[in-house]
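Me: I should like to learn how to read a protein model, feature by feature. Would you guide me through one?

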Amino acid sequence: RFIEERYRLMPYLYALADENSRTGAPLMRPLFYEFSDAFDAPCEQPTTFLLGNRLLIAPPPNFESPAEYSVCLPAGGWYDFWTGAKIRVVAAQDSPHAQRIKVAPSLGRLPVFVRAGAILPRQPLVQSTAQTPHGALTLDVYPGDDCRGVIYADDGHSLAYAQQGFLRQIVRCAQTDDGIIVQFDGREGQFQPWWHAIEVRIHGWRGAARADLDGKMLNDHILPVLGTLAVQIDDQVRPKRLSITRNQRQP
């Protein structure tokens, strides 16, 4: 299960590798790397780490123990990676910049949390990095402050990326009074990706919705997905604005 999830997350991991090559930022990070004021002695968690700046992985402090344990999350919103549900937390009395959540160890469920404001790119399941995925690229949107994500791709084996043989695109989101806006920036590079469609999935959405892409209605493209709202659109190369609004109740 975890190996397959790694393959689905390859677009996110590859974007982190691109960031590392350009800035030196590590893929695996201690919590203080992103939250320097959030953790003090009572909240030290030697086994907890970040994957990029959006995913927090919290294995048990004692790998052999079946006992429930407490995880300190930095202040701000967090989502459960596996369900997409927003986490309900309790303020940590011993650390003013953190929140606590109780976790029970399980062999089949590693505690992974997504930072609110993340946009995670995912791909259909493959069995090796040499296999080309088939289907749409998925963008999982977890609304919150500083909402953004990066799509990156290249051929994976040559130095063509040094001669514009790459694809890099920033995607942002902003919450409105009646919905959410997903903004695609213009794409950098000349690499042609394997995907031709993008499925945007908004986590934490409740109720019916309307969608439009730069004014073009996309109601027929809204897909039923449990606990989320999903909208299928064509691949976007140029700047585009996807607006999703809640349907108003009829009197």
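Reply: We shall take the sheets, a helix, a pocket and some single residues in turn. Please keep in mind that this is a predicted model.

Me: Let us begin with the sheets. What is the order of the strands in the six-stranded open sheet?

Reply: One reads a sheet by following its strands from one edge to the other. Here the order is β11-β12-β13-β19-β15-β16, and the pairing is antiparallel. The edges are held by β11 and β16 (216-217), each of which has a single partner strand, so one side of each is left without a neighbour in the sheet.

Me: How many bridges join β11 to β12?

Reply: Seven bridges join β11 to strand β12, which covers residues 166-176, and the two run antiparallel. One can also look at single positions: A153 stands opposite L167 in β12.

Me: How is β12 connected to β13, and how do the two pair?

Reply: A hairpin of two residues leads from β12 to β13. These strands pair in the antiparallel sense over six bridges. Within this pairing, R172 has Q183 in β13 as its bridge partner. On β13 there is a further pairing, since six bridges join β13 to β19, again antiparallel. There, G179 has T245 in β19 as its bridge partner.

Me: Is β13 largely enclosed or left open by the rest of the structure?

Reply: To answer, one counts the buried residues, where buried means under 20% relative accessible area. Strand β13 (residues 179-184) has five of its six residues buried, so it is largely enclosed by the rest of the structure.

Me: Which way do side chains point along a strand?

Reply: In a regular strand the side chains alternate between the two faces of the sheet. With that idea in mind, we may look at two residues of one strand. Both K240 and S243 are found in β19.

Me: Is K240 buried, exposed or partly exposed?

Reply: The relative accessibility of K240 is 29%, so this residue counts as partly exposed. Leaving out residues up to four places away in sequence, K240 touches V182, Q183, F184, L213 and D214. One may also compare sequence and space: K240 and V171 are 69 residues apart along the chain, while their C-alpha atoms are separated by 9.7 Å.

Me: And is S243 buried or exposed?

Reply: S243 is buried, because its relative accessible area is 13%. Residues up to four places away in sequence again aside, the contacts of S243 are I180, I181, R210, A211 and D212.

Me: May we now turn to a residue in a loop? Where is W205 placed?

Reply: W205 lies in the loop between β14 (197-203) and β15 (209-213). A loop residue is judged by the same reading of accessibility. With a relative accessible area of 6%, W205 is buried. Neighbours within four places in sequence aside, W205 is in contact with G179, I180, G227, L229, I244, T245 and R246. From W205 to L226 the distance is 9.9 Å, C-alpha to C-alpha, and the two are 21 residues apart in sequence.

Me: What is the order of the strands in the five-stranded open sheet?

Reply: The order is β1-β2-β3-β8-β5, with antiparallel pairing. At its edges stand β1 (28-29) and β5 (78-80), each with a single partner strand, so one side of each is left without a neighbour in the sheet. For β5, three bridges make the link to strand β8 (residues 112-115), and these two run antiparallel. Y79 has V114 in β8 as its bridge partner.

Me: Which helix packs on this sheet?

Reply: Helix α2 (residues 10-23) does so, touching β1, β2 (49-51) and β3 (55-57), and its direction makes about 95° with that of β2. The helix α2 also lies across β11 and β12, running at about 85° to β11.

Me: Finally, how should one describe the largest pocket, and which residues lie nearest its centre?

Reply: One gives its volume, then its lining. The volume of the largest pocket is about 530 Å³. Its lining has 23 residues, and those nearest the centre are Q123, T129, D154, D155 and W194. The elements giving two or more residues to this lining are α2 and β11 (148-154). β11 gives the most, with four residues. By class, the lining has 13 nonpolar, eight polar and two charged residues.

Terms used. Residues numbered from 1 in each chain as written. Predicted model: local features only at pLDDT ≥ 70, side-chain atom pairs only at ≥ 80, totals over all residues. Heavy atoms only, no water. Pairing = 2+ DSSP bridges. Contact = heavy atoms within 4.5 Å. Axes fitted to C-alpha atoms, helices over the stretch in contact; angles between N-to-C directions. 1 Å grid on protein atoms, 1.4 Å probe; cavity = no way out; pocket = protein on both sides within 12 Å on 5 of 7 lines; lining within 4 Å. Points joined across faces, edges and corners; volume = space filled by probe spheres on them. Nonpolar A, V, L, I, M, F, W, Y, C, P; charged D, E, K, R; others polar. Buried < 20%, exposed > 50% of the residue type's maximum accessible area, 1.4 Å probe, protein only.
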